[in-house]
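Student: I should like to learn how to read the packing features of a structural model. Could we take them in turn, beginning with the aromatic rings?

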Amino acid sequence: MNRQATHEEMERTRTTFHQLLDDASEADLRRPTDGTRWTNEQLLFHMLFGYILIRPLLVLMRIFGRLPRGAGRAFARLLDAGTRPFDVVNYLGPLGAAKVLGRRRMGTVFDRVIAGLHRRLDAEREADLALGMHYPTRWDPFFRDVMTVADLYRYPTRHFDFHRRQLTVGQ
């Protein structure tokens with residue numbers, strides 16, 4: 001894993017996130033996105049949430065990555081079976097969270113989360129970066145059947161970049 005490249009990707013998205021927040025008018029934030037049922041403000045929160053999720057996903061990785069592969073595979077299948085309720089929660093969460101946080105706090109939270117991920121990534125041992133487990137591939141197009149700790153650090157940037165193209169800010 002190229003840690004420096006991962007740090008740079010996270011910084012790029014942090015800068016982009018702030019630019020999007022700073023440049024968006026209130027009308028921009030209320031405008032529908034392209035390809036989702038969210039507004040731009042709600043999708044921005046969803047993009048932030050992709051980074052927030054990494055800490056709990058790392059905890060799960062450290063547990064299931066040390067168990068026999070069958071345990072992680074069974075857990076991933078169980079999660080895949082719950083895709084429909086996950087999709088509902090995944091959709092509804094940003095509806096309220098974006099309003100509660102607002103643009104200023106979203107930027108502050110994004111900074112705090114990225115800073116925490118930088119610290120965690122720097123503290124990771126090489127052997128831990130290779131730890132892997134099965135993931136629910138129906139939950140997200142960027143989840144693969146088996147992902148490593150290194151993959152998890154790169155996941156939110158892929159998620160961010162994908163959704164960035166769906167924003168209609170400034171149009």
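Tutor: We shall go through ring pairs, a charge over a ring, a histidine, the nonpolar core and one helix.

Tutor: This is a predicted model, in which local features need pLDDT of at least 70 and side-chain atom pairs count only at pLDDT 80 or more, while totals for chains, interfaces and linings use all residues. Residues are numbered from 1 along each chain as its sequence is written, and side-chain values use heavy atoms, with hydrogens and water left out.

Student: How many aromatic pairs are there by the rule for ring pairs?

Tutor: Rings of Phe, Tyr and Trp (its six-membered ring) pair if their centres lie within 6.5 Å; planes under 30 degrees apart count as stacked, over 60 as edge-to-face and the rest as tilted. The count here comes to 12 aromatic pairs. In one of them, the ring centres of Tyr-51 and Phe-110 are 5.2 Å apart and the planes stand at 65 degrees, so the pair is edge-to-face. This pair links distant parts of the chain, 59 residues apart: Tyr-51 is in helix H3 (residues 40–52) and Phe-110 in helix H6 (residues 83–123). Helices (H or I, at least four residues) and strands (E, at least two) are DSSP runs, numbered from the N terminus.

Student: Are Tyr-51 and Phe-110 buried or exposed?

Tutor: Buried means under 20% relative accessible area, exposed over 50%, and partly exposed in between (1.4 Å probe, protein chains only). Both Tyr-51 and Phe-110 are buried. A stacked pair is formed by Phe-86 and Trp-139, at 3.8 Å centre to centre with 15 degrees between the planes. Phe-86 belongs to helix H6, and Trp-139 to the loop between strand S1 (132–134) and strand S2 (146–148), 53 residues apart. Trp-139 has a relative accessible area of 22%, so Trp-139 is partly exposed.

Student: Which residues do ring pairs link into a cluster?

Tutor: The cluster consists of Phe-17, Tyr-51, Phe-110 and Phe-160.

Student: Which residue lies over the face of Tyr-91?

Tutor: A charge sits over a ring if NZ of Lys or CZ of Arg is within 6 Å of the ring centre and within 35 degrees of the ring normal. Here Arg-37 lies over the face of Tyr-91, at 3.8 Å from the ring centre.

Student: Why does His-163 count as buried?

Tutor: His-163 has 9% relative accessibility, and therefore counts as buried. The residue lies in helix H8 (residues 149–164). A polar contact is a pair of N or O atoms within 3.5 Å; within protein, one must be able to donate a hydrogen and the other to accept it, and residues adjacent in sequence count only if both atoms are side-chain atoms. The side chain of His-163 makes such contacts with the side chains of His-46 (3.4 Å) and Gln-166 (2.6 Å).

Student: Which residues have the most contacts inside the largest nonpolar core?

Tutor: A nonpolar core is a set of buried Ala, Val, Leu, Ile, Met, Phe, Trp, Tyr and Cys residues joined through side-chain atoms within 4.5 Å. The largest has 40 residues, and Phe-17, Leu-44, Tyr-51 and Tyr-135 have the most contacts inside it. Helix H1 (3–23), H3, helix H4 (54–64), H6 and H8 each give two or more residues to this core, with the largest share, nine residues, coming from H6.

Student: Which residues of H4 are buried?

Tutor: In H4, Ile-54, Leu-57, Leu-58, Met-61 and Phe-64 are buried. They cover an arc (taken from the directions from the helix axis to the C-beta atoms) of only 140 degrees, which puts them on the same side of H4.
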